[in-house]
Every structure is written in structure tokens, then in C-alpha cells.
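I opened this model to look up how its helices are put together, and I kept the entries in the order in which I checked things.

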Amino acid sequence: MEFMSAPWWSALLAIVLIDLVLAGDNAIVIALAARNLPPALKQKAIVWGTVGAIVVRSAMTLGVVWLLKIPGLMLVGGLGLLWIAYKLLADQGGDEHDGPSATTFWGAMKTIIVADALMGVDNVLGVAGAAHGAMDLVIIGLLISVPIVVFGSNVVLKLVERFPVIIQLGAAVLAFTAAKMVVHEPWLVNVFGTDSGATDVQSMSRWALYALAIAAVLGAGWWSQKRSATAERSAH
């Protein structure tokens, strides 16, 4: 693709639009992971978490051809992201030692980068496809996404502090994203079909998995918080 040609600009626009859509998931992960940090560390975690996420996604994009050859990758990534979504809810209980810590800078960084790596498996394929093999477009598109994600993270973080219910909504979004990754696992094409072709039963299977993933994450998160609250009351 010729640099700065009409097709080049068209592909760049497509990548920017993809980045805009994906920034929502990134912003949710970054904001939720940073929500319990001291005020002095919140902005630092958002900035460096974004940088880390972009570096991870760039590396994954460069290796997209290799990633496509790994059987079961979407399934494993989706299950891993479900665990991240659950831990973001479970960590509301205040257990600093439980799971990826939400009260330390490095704990938040680990959560952000691991979650983005899992989510990026699905995302990166769309970006690489829109670039038609032009890695300069991929890199430019990723660089453009940095201010989008930073701005989105700050907005989500402020909303979370004012409306705690957003934490549940954010976990539900991550659960839905995880379910979509499982649905797009090539090994399971006979169960869920494809975006371009699926039977009625396969479409129902997709929606059933979306609903089950969201219900499981929210239910497990609620149970974990209730158990933590009970244990805290017993301790006092």
C-alpha cells in the first residue's frame, strides 16, 4: 500500500475507528485496576498502564501471523479474561493480598497489562486485517489510540468514584468480551458458527454463552464480596 495514498488514508481511518471501539474495554480495565490506589498514584498508573498496554498490543500485532497458528488461543484467552473480570469485582472486598492487588501501583499495572494482553488477542486481528500488512499503519493507529485510552480511563475513573455500580457494569463488559473470544475460537466453530454464517441453534448458543458469562462473573463477584463482608464482621 503506497504511503499517504487514498487507500492508505482509508485503512488508517478504519484502524482509528477500531481503536476507538476497543478503547472502551481498555479504559474500563485501567480505571477499575487503578480505582483503589492512593490519589498520587492513580494518574501514574493510568499513564504507565496505558503505555504498557500499547507496547503489549504492538508486540502482539507484529506477531499476529504466529498467533494465528496457535490452536485454542481464543478459548484460553477468553477464560483468562473471565477470571480478570471476576477478580476486579472480588477485590472490592478489600483483600489486598487476594489476586492482582488493586491497592499497589505494581499490582494495578499487572492487572492492566495482563488483561489487555488477553483482550488484545481478539482485537489485534481486526487491526492487522484493516492494515492489509502495512505495519506503519498499525503502529500509527496504536499511537493514536494512546490519548484516546488515557482520556477514557480518566473519565471512567471519575464516574466509578461517583457511581460505584459502574464497577459491575465494567465487569459485565469484560465478561461479554471474554465470551466473544470463546465464540471466535476456531475449535468451536461447529458450536457457535461464524460471524458470516450461523444456524439458529448456533446463534442461540452464542447468546446463551454471553448471558452465562455475564451472570457467572457478576454472581461470583457478589458471592465473594458477601463472604468478605461476613468474614470482616466476624473478625470484629
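**Entry 1: helix α7**

I began with α7, where I found Ile 167, Gly 170, Ala 171, Ala 172, Leu 174, Ala 175, Thr 177, Ala 178, Ala 179, Met 181, Val 182 and Val 183 to be buried. The model is a predicted one, and I read each value below as computed from it. I then checked the length of α7: its 19 residues should span 27 Å at 1.5 Å a residue, and the C-alpha atoms at its ends are indeed 27 Å apart, which agrees.

**Entry 2: three small residues of α7**

I took Gly 170 first, which has its place in helix α7. Is Gly 170 buried or exposed? Its relative accessibility is 4%, and because the cut-off for buried is under 20%, Gly 170 counts as buried. Setting aside residues up to four places away in sequence, I noted that Gly 170 touches Ile 28 and Leu 32. I also looked up the distance from Gly 170 to Ala 85, and although their positions lie 85 residues apart along the chain, their C-alpha atoms are separated by 8.2 Å.

Ala 175, also placed in helix α7, is buried with a relative accessible area of 0%. Which residues does Ala 175 contact, once its neighbours within four places in sequence are left aside? I listed Leu 82, Ala 85, Ala 213, Ile 214 and Val 217. For Val 217 I checked the backbone as well: Ala 175 and Val 217 are 42 residues apart along the chain, and their C-alpha atoms are separated by 6.7 Å.

Ala 179 lies in helix α7 too, and is buried with a relative accessible area of 3%. Leaving aside neighbours within four places in sequence, Ala 179 is in contact with Leu 209, Tyr 210 and Ala 213. From Ala 179 to Tyr 210 I read 5.5 Å, C-alpha to C-alpha, for two residues that are 31 apart in sequence.

**Entry 3: helix α9**

Next I turned to α9, which covers residues 200-235. Its 36 residues should span 52 Å at 1.5 Å a residue, and its end C-alpha atoms are 52 Å apart, which agrees. Which residues of α9 are buried? I wrote down Gln 202, Arg 206, Tyr 210, Ala 213, Val 217, Gly 221, Ser 224 and Ser 228. To make sense of that spacing I recalled that an α-helix has 3.6 residues a turn, so residues three or four places apart point the same way. Against what do the buried residues of α9 pack? The partners I found are α4 (73-90), α7 (165-183) and α8 (189-192).

**Entry 4: α4 and its contact with α9**

I checked α4 in the same manner: it has 18 residues and reaches 26 Å from its first C-alpha to its last, close to the 26 Å expected at 1.5 Å a residue. Its buried residues are Met 74, Gly 77, Gly 78, Leu 81, Ile 84, Ala 85, Tyr 86, Lys 87, Leu 88, Leu 89 and Ala 90.

For the pair, I noted that α4 passes α9 in a right-handed crossing, and that the two pack at an angle of about 35 degrees with their axes 8 Å apart. The contact is made by Leu 82, Ala 85, Tyr 86, Leu 89 and Ala 90 of α4, and by Ala 213, Val 217, Leu 218, Ala 220, Gly 221, Ser 224 and Gln 225 of α9. Sorted by class, this contact of α4 with α9 has nine nonpolar, three polar and no charged residues.

**Entry 5: aromatic rings**

How many aromatic pairs are there? I counted five aromatic pairs. One of them is formed by Trp 8 and Trp 9, an edge-to-face pair with 5.0 Å centre to centre and 90 degrees between the planes. Trp 8 is buried, with a relative accessible area of 3%, whereas Trp 9 is partly exposed at 43%. I also found that Phe 176, Trp 207 and Tyr 210 form one aromatic cluster.

**Entry 6: the whole chain**

Last, I stepped back to the protein chain, which has nine helices and zero strands. Of its 236 residues, 44% count as buried. Among contacts between residues at least 6 apart in sequence, 81% join residues at least 24 apart.

Key. Residues are numbered from 1 along each chain as its sequence is written. This is a predicted model: local features need pLDDT of at least 70, side-chain atom pairs count only at pLDDT 80 or more; totals for chains, interfaces and linings use all residues. Side-chain values use heavy atoms; hydrogens and water are left out. Helices (H or I, at least four residues) and strands (E, at least two) are DSSP runs, numbered from the N terminus. The expected span of a helix is 1.5 Å times one less than its number of residues. Buried means under 20% relative accessible area, exposed over 50%, partly exposed in between (1.4 Å probe, protein chains only). Contact means heavy atoms within 4.5 Å. Axes are lines fitted to C-alpha atoms, for helices over the stretch in contact, and angles run from 0 to 180 degrees between N-to-C directions. A crossing is left-handed if the near helix is turned anticlockwise from the far one by less than a right angle, and right-handed if clockwise. Ala, Val, Leu, Ile, Met, Phe, Trp, Tyr, Cys and Pro count as nonpolar, Asp, Glu, Lys and Arg as charged, and the others, Gly among them, as polar. Rings of Phe, Tyr and Trp (its six-membered ring) pair if their centres lie within 6.5 Å; planes under 30 degrees apart count as stacked, over 60 as edge-to-face and the rest as tilted.
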